[in-house]
Amino acid sequence: MKYKKRILTIDKFINEALYNKKFGYYMNKNPFGKKGDFITAPNISVLFSEMIAIWIISFWENLKCPKKINLIELGSGNGSMMKEIINTFEKFPHIKKSCKIYIYEKSVYLKNIQKKNLKKKNIIWLKNLNKLPKNPNIFIANEFFDALPIKQFIKKNDKWYERNVEFFQPGKARILDILTNIKKLEKKVGFKISYKQKFIEFSPLANSYLKIISNKIKLYKGGLLIIDYGYLSEKMRNTLQSVLNHKYNKVLNNFGKADITHCINFNLIKKIINNFYLKSIGITSQEKFLTNLGILKRAEMISINLPFSKKADIYYRLKRLIDKNFMGKLFKVMFISKKNMNFKLGF
Ligand SMILES: C[S@@+](CC[C@H](N)C(=O)[O-])C[C@H]1O[C@@H](n2cnc3c(N)ncnc32)[C@H](O)[C@@H]1O
């Protein structure tokens, strides 16, 4: 039988690789930790999640301690961050009482892991972000947006092409650029995304989440805290990357077996949310954010009476979070809220 060629836009290719119900990367295995393919900040050190918890409590206070507030984690992985946030809330009974906790997670496999790790914590797994009760919302997204599918567009000889993947033989794929009308994309996005660009990375899914989230924040107050790897420059570039067993993998190889991500262009997020009448209140490096929140002091406190080996482990993990050569510089933190927001803790 003749092989039937298949052509997928990059976002569809990523979506299949990561979320196909049968073989999708996030649908079948636990990608976190030593045995997985990568490790995220909450799985490196509890200090990370403690600082996020402190930030949430301070923001809630700045909002004048509303008696009902929704805390929503987007893409919770194995649930480590939420577990530690809830542990920290135990020492702050007022927020514990006021806060209704939600997780928005796509992977059924990871949802089950989260449910095991967060047993009896009174959490609601949300199916639809639109269904949140009408309270102020604090959205937290650690390494969420980088996991969403993106489209790619490339300019060649003054013409724009959309990037596709062509499966041309069993198990073999190659890049195929197809001529496109960039104005159609610009109409959808709502601004001239191609201005001064030669390459565009744009996630329609991120755009629609940001729209829902922005509307919620506009109507009921609150904010969105994004922690992710990415860059600040106006000029976009091809950042698509794949990881397998903690090593780089060619994006077209190991379809469904390897993670595929991209770097966030924070400047683009800023434009998108400006378009939805919100503002980037602050953007800084993970190092500065965590240091401003007092992570060094906290590390000192928890390690004070510990034996040397345990102390060394705490500081080694801390280094991975804040050192420029590890996550400190590449990872950025962005806080999005209403234009008149005066809360700047961490920035
Ligand atoms: C890179 S992991 C980060 C997990 C966690 N935040 C952490 O820091 O360990 C991305 C998470 O987002 C989830 N995710 C990806 N796309 C999603 C979507 N469209 N809706 C909800 N969750 C999604 C994944 O299943 C996974 O739990």
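**Exercise 1. Accessibility of N215**

Task: Classify N215 by its relative accessibility in this predicted model: is it buried, partly exposed or exposed?

Solution.
- Start with the value: N215 has a relative accessibility of 34%.
- Apply the cut-offs: buried is under 20%, and exposed is over 50%.
- N215 therefore counts as partly exposed.
- Place the residue: N215 belongs to helix 9.
- Add a spatial neighbour: the C-alpha atoms of N215 and N130 are 9.6 Å apart, while 85 residues separate the two in sequence.

**Exercise 2. Helix 9 against helix 10**

Task: How are helix 9 and helix 10 oriented to each other?

Solution.
- Two packed helices are described by the angle between their axes and the distance between the axes.
- Take residues 204–220 as helix 9 and residues 266–275 as helix 10.
- Their packing angle is about 45°, and the axes lie 10 Å apart.
- Roughly parallel needs an angle under 35 degrees, and roughly perpendicular runs from 65 to 115.
- Helix 9 and helix 10 are therefore oblique.
- Handedness: helix 9 and helix 10 cross in a right-handed way.
- Contacts: N207, L210 and S214 of helix 9 meet I269, I272 and I273 of helix 10.

**Exercise 3. Helix 12 against helix 13**

Task: Which orientation does helix 12 take to helix 13, and which residues make the contact?

Solution.
- Helix 12 covers residues 295–303, and helix 13 covers residues 308–322.
- The axes are 10 Å apart, at an angle of about 165°.
- Helix 12 is therefore roughly antiparallel to helix 13.
- The crossing of helix 12 and helix 13 is right-handed.
- From helix 12, the contact uses I295, L296, A299, E300, I302 and S303.
- From helix 13, it uses K311, I314, Y315, L318, L321 and I322.

**Exercise 4. Aromatic pairs**

Task: How many aromatic pairs does the whole structure hold, and what geometry does the pair F335 and F343 have?

Solution.
- The search of the whole structure gives 18 aromatic pairs.
- One of them is F144 with F145: the centres are 5.1 Å apart, the planes meet at 80°, and the pair is edge-to-face.
- F144 has a relative accessible area of 9%, so it is buried.
- F145 is at 2%, so it is buried too.
- Now take F335 and F343: their ring centres are 6.1 Å apart, with the planes at 90°.
- Plane angles over 60 degrees count as edge-to-face.
- The pair F335 and F343 is therefore edge-to-face.
- Both F335 and F343 are buried.
- Widen the view: F335 and F343 belong to one aromatic cluster with W55, F59, F289 and F347.

**Exercise 5. Charges over rings**

Task: Which ring does the charged end of K115 sit over, and which ring face does R174 lie over?

Solution.
- The charged end of K115 is over the ring of W125, 5.2 Å from the ring centre.
- R174 lies over the face of F168, 3.9 Å from the ring centre.

**Exercise 6. Positive phi**

Task: Where do N245 and N254 lie, and what are their phi values?

Solution.
- Most residues other than glycine have a negative phi.
- N245 is not a glycine, yet its phi is positive, about 50°.
- N245 sits in the loop between strand 11 (241–244) and strand 12 (247–249).
- N254 also is not a glycine; its phi is positive, near 55°.
- N254 sits in the loop between strand 12 and strand 13 (259–261).
- Its relative accessibility is 33%, so N254 counts as partly exposed.

Key. Residues numbered from 1 in each chain as written. Predicted model: local features only at pLDDT ≥ 70, side-chain atom pairs only at ≥ 80, totals over all residues. Heavy atoms only, no water. Phe/Tyr/Trp six-rings, centres within 6.5 Å; stacked < 30°, edge-to-face > 60°. Buried < 20%, exposed > 50% of the residue type's maximum accessible area, 1.4 Å probe, protein only. Lys NZ or Arg CZ within 6 Å of the ring centre and 35° of its normal. Axes fitted to C-alpha atoms, helices over the stretch in contact; angles between N-to-C directions. Helix = DSSP H or I, 4+ residues; strand = E, 2+ residues; numbered from the N terminus. Parallel < 35°, antiparallel > 145°, perpendicular 65-115°, else oblique. Left-handed = near helix turned anticlockwise from the far one by under 90°. Contact = heavy atoms within 4.5 Å.
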